[in-house]
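Welcome to a short walk through a protein model. Keep your viewer's selection box at hand, and we will go from stop to stop.

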Amino acid sequence: MASIGRHHHRSSLGSLGGLRRLVSQRKIASVATVVVAITLFAPLTTTDADTPVVTDAPAFTATKTVSRDNLVDGVNDVLDSRTVKVTVSKTQQLRDRQGITVTWSGAHPTGGLANDDTSTVGSYEEYPVVVMECRGSDSTTVPASKQVSPETCWTQTPSERFTYSQTGFLYPPWRMDEYAPTADRASDVNEPNPVPTDCPGLSGTYWVPYIAASGVTYQGGYQGCAGLAPEEAFGSVADQPGSTTYGVADVNGNGSTQFITQSDLSNASIGCSATVACTLEVIPIEGISCDAAGTAPAPGGLAPADRPPSGLVSRVQSLCTDTGQYNAGDFNTGGQQDVSPVTGQYWWSASNWRNRIAVPLTFATSSDVCNTIGSTESTALVYGAEAMQQATQQWSPSFCLNRNLFNLRHVQTSEPEAKNLLSVGNVEAAFQAAPPDTPFTTPTVQAPTAVTGFAIAFDVDGSDGKPYPQLRLDARLLAKLMTESYEACALDCLQFPALASNPIDITRDPEFQALNPNIRPSLYFSASATLALISSDSDVITALTAYINDDPEARSWLDGRPDPWGMVVNPAYEGITLPTSRWPLLDTHDAHFESGANPCLDQNQSPWLPLVASPLESPALIALNLQYDISDSQTTCQDPGNPDQKLVAVGRENQGTRFVLGLVSLADAERYDLPTAELQTQRTTDDTVVFGNANGRTFVGPTDDALKAAAAMLKPDDKLGTWSVPYDAMRTTPAGLNAYPGTLLVSTDVPTKGLDKTDAKNYSELLSFIAGAGQTPGLANGQLPPGYLPLTKANGLGALVNYTKAAAGDVLAQQCVVPHPTGAAAAAPSCNLPVTPPTSTAPTTSAAPTSASSTTPPTSTAPTTPEQTLPSNPVTTPASSAKPSVTPSSSAAPSSTPAPVSAGKTQKIGPGALGFVLPILALLALLGLGGSVLTTRGRRQ
């Protein structure tokens with residue numbers, strides 16, 4: 001498996017702004033509040049998981065010589081030529097909104113930089129490296145209808161595919177492109193006939209219509225006057241998710257960006273999927289190659305009557321060969337009278353299009369396919385851990401596509417909630433990352449399923465304006481962020497003496513500065529004063545607060561001792577009892593701004609620091625925020641002075657000044673290419689002494705080796721019925737020095753009493769798969785994705801594998817037997833069931849936990865490949881009356897993705913902006929985090 005903690009130079013992709021708000025509506029749900037239906041399941045095989053498998057597809061690399069020419073009197077001079085090398089981190093088995101890193105060298109340096117290189121303004125950069133996703137194959141060996149063209153390349157706004165002569169000059173640079181065919185050099189190209197009445201009368205126009213996967217053509221035009229695809233944006237791009245990137249090449253021609261790919265789940269118009277080929281086009285902009293006289297040979301050139309008069313050729317030549325007005329690295333100040341021929345606006349021109357470097361992309365079969373075909377036989381529900389979402393999504397298609405197997409539905413809810421539902425008998429299985437606070441009332445296995453973890457993802461720019469390469473955080477800094485101990489506003493706005501001497505935010509905290517040099521004080525006080533957390537109870541919060549509690553300097557600070565620089569804990573949190581599964585918001589102080597500084601608070605005062613903290617109901621939304629550079633602090637007054645004014649999120653931050661931190665799962669960080677912080681494991685320094693660097697402190701990121709070191713420290717506990725993560729030992733023992741302190745062991749909890757025969761068989765097969773083929777690392781369906789350390793003997797986890805294998809037999813037998821993690825013999829059955837065991841024998845090894853049950857779990861049928869024929873008459877097994885209903889509704893969403901199903905009222909947690917555009921896209925963007933997942937969330941305190 002590739003290293004889990006990877007940190008790339010990332011570009012800022014378009015914010016979801018109001019769109020993502022439409023997804024969440026800031027609702028915190030109780031157990032049956034919001035259900036986003038999504039079918040997930042996994043096939044069951046018992047293949048040896050120790051077989052080595054290559055996990056990541058090889059990176060794509062290509063080199064191409066790109067150039068710009070000038071044709072004069074039949075002689076073609078090369079104005080500029082460069083050898084550009086492009087590397088792409090992932091190209092195969094991609095999933096919706098997968099983050100991939102695109103790196104280049106040798107390109108023309110970029111000038112006229114924009115704050116947002118995925119915006120319309122970004123398209124006016126000079127000599128950018130344009131990165132865009134296009135439907136089709138860039139090959140002449142496939143039918144024309146399957147080939148890439150500028151018309152099948154996605155842009156977010158209409159102005160990126162429409163141009164006109166802003167000065168009214170009849171010979172703009174694009175008309176003088178020597179490589180364009182004659183038809184594409186007319187005075188108006190691709191203009192619809194008739195031109196819609198909403199479109200203004202403009203001269204010198206070039207239209208690049210968008211042809212959607214459905215076959216519908218959207219003409220676009222000036223401000224989209226002739227029609228936009230549903231996912232395109234007419235208004236401010238800051239409120240839209242963008243992907244087309246106008247990347248920056250530095251003075252040496254080097255650069256990199258994180259590109260967010262889209263499948264048909266979040267962008268139906270582009271339509272990329274396992275069956276629809278797509279291509280990443282990387283276009284190093286060199287500029288229009290000029291044929292100022294219009295005399296290029298056929299099939300180019302202009303008809304004699306259309307050529308510029310001889311008296312204008314000199315002016316045409318000057319405009320066409322223009323090299324831009326900005327030096328490399330300068331920012332765009334505006335003022336261009338007409339579009340320079342070296343800007344990204346002309347990515348579609350024949351001169352630039354011929355220089356493109358094509359990167360074939362393949363997408364994995366989405367778990368959404370399970371919704372399309374329905375149940376193959378029966379359905380098993382597993383409630384709980386969001387940390388398992390990426391794994392269950394990747395497992396599911398290989399199960400539901402096999403008629404001999406069954407569907408798994410991962411119902412994403414808080415782990416404590418799932419364990420409670422299981423304990424009272426309302427559900428039959430749960431994913432969890434910590435044993436229940438009180439033992440299950442029914443004999444229940446806690447079968448090890450995945451070694452993964454939590455991560456502190458970050459979107460932080462350094463003092464040079466570039467993404468900060470590696471963040472270091474200790475437990476005390478995390479405690480400061482979580483306890484509302486930074487004021488998050490200037491000039492003593494809270495009038496709260498206890499915090500008056502504390503730094504405004506973490507970037508001004510000397511402790512943070514010592515560990516993370518060269519980060520300038522943030523312009524976003526709110527975002528840099530908090531850590532984005534989920535609002536409901538969670539085993540992940542339990543693990544995070546256990547890490548904080550077991551650190552002496554963090555614990556003493558929480559108990560009231562100032563840090564070495566004098567910063568103190570918010571009195572509302574002093575002495576707080578940890579660990580806890582739900583983080584409370586305790587501060588009650590209002591902000592006191594000058595009149596008019598925040599009219600929303602002038603009219604309706606609300607405690608300030610809870611608005612800054614603004615926890616989210618879904619871990620998926622935290623990952624979404626980090627992917628799109630969004631601060632969710634609800635501190636911005638929208639429409640100030642109007643009757644409908646309201647507090648909304650800060651929203652998307654500008655490149656060069658970003659600072660956002662959030663708690664995410666390792667698997668989400670891997671899929672979405674989110675940088676993750678190193679956490680402190682041990683120190684040899686005095687925690688009362690001021691320090692100026694990280695000397696004497698050890699920090700570890702979530703790499704494979706660090707997870708393996710932590711997994712080696714797991715302690716079997718027969719009383720708890722599982723393995724515990726020894727956070728205290730990580731801090732004090734040599735073995736813990738290089739162990740990642742955010743490690744989690746996720747288990748699948750299933751009772752060994754009370755299941756009917758079919759359900760017992762299904763869950764037994766699921767556990768057998770988990771202990772076998774499900775631990776095969778890889779990106780293909782049925783494999784374990786990055787973000788998880790495989791449970792294998794090779795990784796020192798043979799005892800955990802053996803337990804899960806034994807648990808599979810006990811779940812099948814339903815004789816009330818639960819194996820012991822230590823391997824000690826399990827107690828004899830005592831639940832008034834027949835004591836005569838079945839005649840078959842369970843597989844055992846010398847290291848396997850011993851069980852009183854001797855029933856061998858069934859061997860599952862090998863999963864089908866995605867290309868196998870879907871069943872023509874899928875059979876759907878309805879849930880029994882004892883199980884919560886999870887039947888999805890499809891009335892409000894495309895059939896490819898289930899719509900939300902309301903299961904009760906939701907509670908609003910505070911002021912929040914409602915989304916105002918593209919509700920379907922917003923929903924799909926959220927669902928893209930995991931294909932399809934049933935979601936419920938607990939209520940925030």
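How do the residues of the lining of the largest cavity divide into nonpolar, polar and charged? Before selecting anything, note that this is a predicted model. The lining divides into seven nonpolar, five polar and three charged residues.

**Stop 1: the largest cavity**

Select Glu386, Ile534, Ser538, Val540 and Pro619, which lie nearest the centre of the largest cavity, out of 15 lining residues. The volume here is about 140 Å³. Now add helix H14 (619-627) and strand E25 (659-665), the elements that give two or more residues to this lining. E25 provides the largest share, three residues. In total, the count comes to eight cavities of 30 Å³ or more.

**Stop 2: the second largest cavity**

Next, select Lys90, Gln93, Arg95, Gln98, Gln390, Gln394, Ala667, Glu670, Arg671, Leu779, Pro785 and Pro786, the lining of the second largest cavity. Its volume is about 120 Å³. By class, the lining has four nonpolar, four polar and four charged residues. Colour helix H5 (389-395) and helix H15 (666-671) too, since each supplies at least two lining residues. The largest share, three residues, comes from H15.

**Stop 3: just past H15**

Stay in this part of the chain and select Asp673, in the loop between H15 and strand E26 (678-683). Phi of Asp673 is near 60 degrees, a positive value in a residue other than glycine. Most residues other than glycine have a negative phi. Is Asp673 buried or exposed? Asp673 is buried, because its relative accessible area is 2%, and the cut-off for buried is under 20%.

For a second case, jump to Asp73, in the loop between strand E3 (60-72) and strand E4 (75-88). Phi of Asp73 is also positive, near 55 degrees. Asp73, however, is exposed, with a relative accessible area of 76%.

**Stop 4: the nonpolar cores**

Zoom out to the whole chain: buried residues make up 60% of its 941 residues. Which residues touch the most other members of the largest nonpolar core? They are Leu473, Ile548 and Tyr763, in a core of 146 residues. Strand E19 (residues 444-460) contributes the largest share of this core, 10 residues. Apart from it lies another core, of 29 residues; Val86, Ala212, Ala249 and Leu361 are among them.

Go back to Tyr763 and display its contacts. Leaving aside residues up to four places away in sequence, Tyr763 touches Ala380, Leu381, Val382, Glu428, Ala429, Val750, Leu755 and Val811. For the chain in general, residues 24 or more positions apart account for 77% of the contacts with a separation of 6 or more.

**Stop 5: helix H7**

Select helix H7 (residues 415-423) and pick out its buried residues: Glu415, Glu417, Ala418, Lys419, Leu421 and Leu422. These pack against strand E16 (379-384), strand E18 (430-432), E19, helix H10 (539-549) and strand E30 (743-751). Just after H7, click on Gly425, where phi is positive at about 85 degrees.

**Stop 6: a strand with two faces**

Move to strand E15 (residues 357-361). Ile357, Val359 and Leu361 form its covered face, while Ala358 and Pro360 form the uncovered one. Add strand E14 (residues 278-284), which runs antiparallel to E15 and is joined to it by five bridges. One bridge to look for is that of Leu280 with Val359 in E15.

**Stop 7: an open sheet of three strands**

Now show E7, E9 and E8, in that order: they form an open sheet with mixed pairing. Strand E7 (162-163) and strand E8 (188-189) are at the edges, each with a single partner strand, so one side of each has no neighbour in the sheet. E7 and strand E9 (residues 205-207) pair in the antiparallel sense over two bridges. Here Thr163 stands opposite Tyr206 in E9.

**Stop 8: two cis peptide bonds**

Between E8 and E9, follow the loop to Pro194. The peptide bond joining Asn193 and Pro194 is cis, with omega about 0 degrees. Another cis bond joins Leu578 and Pro579, again with omega about 0 degrees. You will find Pro579 in the loop between helix H11 (552-558) and helix H12 (599-603).

Definitions and conventions:
Residues are numbered from 1 along each chain as its sequence is written. This is a predicted model: local features need pLDDT of at least 70, side-chain atom pairs count only at pLDDT 80 or more; totals for chains, interfaces and linings use all residues. Side-chain values use heavy atoms; hydrogens and water are left out. Two strands pair if DSSP finds at least two bridges between them. Helices (H or I, at least four residues) and strands (E, at least two) are DSSP runs, numbered from the N terminus. A nonpolar core is a set of buried Ala, Val, Leu, Ile, Met, Phe, Trp, Tyr and Cys residues joined through side-chain atoms within 4.5 Å. Buried means under 20% relative accessible area, exposed over 50%, partly exposed in between (1.4 Å probe, protein chains only). Contact means heavy atoms within 4.5 Å. On a 1 Å grid over the protein atoms alone, a cavity is a set of points where a 1.4 Å probe fits but cannot get out, and a pocket is an open set with protein on both sides within 12 Å along at least five of seven lines; lining residues have an atom within 4 Å of a point. Grid points are joined across faces, edges and corners, and a volume is the space filled by probe spheres set on the points. Ala, Val, Leu, Ile, Met, Phe, Trp, Tyr, Cys and Pro count as nonpolar, Asp, Glu, Lys and Arg as charged, and the others, Gly among them, as polar.
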